[in-house]
Amino acid sequence: MTDAAPSPLAAKARRVGALIRKESRQVLRDPSSFAIGVVLPLMLILLFGYAMSLDVKNVPIAVVLEDPSSQASEIAASFQMSSYFQTRVTRSMAEAQELMLSGQVQGIVRVPQDFARRSAQGDATVQILVNGIDGNTARIVEAYAEAAVAQAGARVDAEGAASPAAGGQAVVQSQLWFNSANDSRYFLVPGLIVLIITLIGAFMTSMVVAREWERGTFEALFVTPVRTDEILLGKTVPYLVLGMGGMLLCLAAAKFLFHVPIRGSVPILMGVSMLYLLVSVAMGLLISSGLKSQFLSSQVTLVVTFMPALMLSGFIYDLRSVPLAVRLISYLVPARYFVSLLQTLFLAGNVWSVIWPNAAVLAAVAIVLLAFTRRATRKSLG
Amino acid sequence: MLASLRRILALIRKEILAVLKDARTRNMLLLQPVLQCLLFGYAATLDLTNVPYAALDRDRSTASSALLAKLDGSGVFHRVANLTQAAQMKPLIDNQTALVVIQIDPNFQRQLSAGEQPAVQVITDGRNSNTAGAALGYVGAAVDSFNTDWRSDHGLPQPPVQVSARAWYNANLETRWNLIPALVGTITMMSTLMLAALSVAREREEGTFDQLLVTPFRPVEIMAGKAIPAMMIGTVQATNALLVAQLWFRIPFAGSYITLYVGLILFLLAAVGIGLFVSSIAATMQQAMLYAFVTIMPFALLSGLTTPISSMPAIMQDFTAINPLRYAIDLVHRVYLEGAGLDRLVSDLWPMAIIAAVTLSAAAWMFRNRLG
């Protein structure tokens, strides 16, 4: 130490520095921090990148061929060749129903006995039964089966009749903008960044601070010369660094492992992630200083931050289709704005009409939450 | 034997008091399943009810307006803009005003009348390719219905093969019918596993675990005393979630409650076993909670709750074999919606029994050896 009285600013910096050092050491020493700061993001990247896919593949179905004609076998063949299905061909409906009841197949395509005869007359029917429990898969099975049947029907028609049955109808030609390969990773991987930042920022912070409250070490900090702002700063900085680390990990995985395009600017991406991380850390701090119990704050943090980030952010489920009340609630979920930003910055580019409003909301929420946290922390001194 | 039973009962009573004496914890444990089911029951739907779309109708004919009228009348689409040139499309999609743009080329009606196949261009916002795919499916259905009308109005024959599709157990293919029963398992697992993981860690952190050891309790009795209260709370939570499913969402219950609860209890045993095992390796509450969380995440994501197991790569599908939640979700679905009996559920029951046996004995072994 020098003889000259240190300026107040330098003293402040030294106090904050000491707190940050203490907090960082605590994070580094505890193996559970490693679990949540490194293992969990890596695990989530692998799961979201490789395991989770909404694309339907290998759905087990049974095709019942009651008609031995070649037209009927053609329909069965089109299912057998498709990568969407794992097809079992049976001769009787009873057998197929037993497979469905025991959960071995998800759907039945039944080509009835009189199929060939009636398709010559132009009024044949193919019956499709799906297990509707997973409605999404069921719908895809239905749509695919209808297409396969229509194709086979068109062939039958071309061979048999002279009428221009295929003509005179509109056909859909689709273009999927921003994701022309229709790869579900394109939206799962950016969404993952939201989840990881939420976990590190909110979940971890709330646990750590709640523990300090539970053990009384937080109050002990108040009797030291450290001010409230400095305590908060000391608590925030290590988790900001950890959160940004997780974010960079995801970004690298997105770019090099999953080849998700990053069409917007990376500095803006980092900037808005920082904003959302700040919001998450503030939420974690606020919840833990309000509840002061580890179990309660961890559960409340999960329910208030993580679950909404997964379910109410527009990450997986489209928010335009939810009832008004839930849509109104979703406006209170900060993750919603971040998901919008990420999806746009990754896939669409720098669309300022999306970036400005969403970033402004995140910044405002961060300021409000930090102000609340400051009040909640100071009040308990009195 | 009787004395042992009395000791376990005393421990259960103490444990339940310890968890439920705090009003905030009590409320959270009981209300959380209800709130989550309500919220996610409304939020988590892959069915679209509101798709904003823009129309670029270059034909302006009776046929093109009939096609757009099909979309407008579907109750799903609402038109946010009528475009006149292709350049107007990009900003609408970019700033998410429209999810879909329908472009109808000039000569649409002329081509239809000539027996050709005019294309309807459908541009969708692929930022969430799942939503975009669903929207495309709805457009396809509207176009099909337009085609059927057009052909019957112009005396053209219908396609020679018709498809009659029917869905078992969930006739309208509502996502909610799939999701809420799955949440019964997921929510219960989250709380039960956490409670079990924390129960021992709390005693250890507060130093009361050593006191417990000098009492006449045997390690197995301590385990039972920790496991049963967590399972009781889990059962109450599952019941709450089931009540929401039936009384609020009115999802018809097809099976038997006895079957369902037999399955759930087996599932809770497995969840508690995992929780106690986590508890045995954690030194503090915080570690217990974080480890529990790191365990729950892959279980929840690889359970079939959000994405179908059949779409996962083979190695991940193999991993789901040790995931009790996967069996629980399948079991609740099949009892709740299909009305399956125990005989049809054997393939779900025995894996859960094995998981419970393995994790509970591993936890018991850890406790005995760590104490020894």
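1. Two residues count as in contact here if their C-beta atoms, placed from the backbone, lie within 7 Å. The model is predicted. With that cut-off, helix α3 of chain B (residues 62-72) lies across β1 (51-57), β2, β3 (100-104) and β4 of chain B. The helix runs at about 175° to β1(B).

2. The strands beneath this helix belong to a sheet built from both chains. The sheet is open and has five strands, in the order β5(A)-β4(B)-β3(B)-β1(B)-β2(B), with mixed pairing. β5 of chain A (171-177) and β2 of chain B (77-83) have a single partner strand each, so they form the edges, and one side of each is left without a neighbour in the sheet. On average, neighbouring strands are turned by 25° against each other, direction ignored.

3. The strand from chain A joins the sheet through chain B. β5(A) pairs with β4 of chain B (residues 119-125) in the parallel sense, over seven bridges. In this pairing V171(A) stands opposite A119(B), and W177(A) stands opposite D125(B). Helix α6 of chain B (residues 129-153) packs on the sheet and touches β5 of chain A as well as β1, β3 and β4 of chain B. The direction of α6(B) makes about 155° with that of β4(B).

4. The contact between the chains also involves other elements. In total, 97 residues of chain A are in contact with 95 residues of chain B. On the chain A side, the elements that each supply at least two residues are α2 (31-51), β4 (124-131), α6 (135-160), β5, α7 (185-215), α11 (294-311), α13 (334-348) and α14 (352-379). Which of them gives the most? It is α6(A), with 15 residues. By residue class, the side of chain A that touches chain B divides into 54 nonpolar, 32 polar and eleven charged residues.

5. Each chain has a domain assignment to read alongside the sheet. For chain A, domain 1 covers 15-52 + 182-379 and domain 2 covers 59-160. For chain B, domain 1 covers 2-44 + 173-371 and domain 2 covers 51-151. How far apart do the C-alpha centres of domain 1 and domain 2 of chain A lie? They lie 48 Å apart. In chain B, the C-alpha centres of domain 1 and domain 2 lie 48 Å apart.

Conventions:
Residues numbered from 1 in each chain as written. Chains lettered and ligands numbered in written order. Predicted model: local features only at pLDDT ≥ 70, side-chain atom pairs only at ≥ 80, totals over all residues. Pairing = 2+ DSSP bridges. Helix = DSSP H or I, 4+ residues; strand = E, 2+ residues; numbered from the N terminus. Axes fitted to C-alpha atoms, helices over the stretch in contact; angles between N-to-C directions. Domains from an automatic or database assignment. Nonpolar A, V, L, I, M, F, W, Y, C, P; charged D, E, K, R; others polar.
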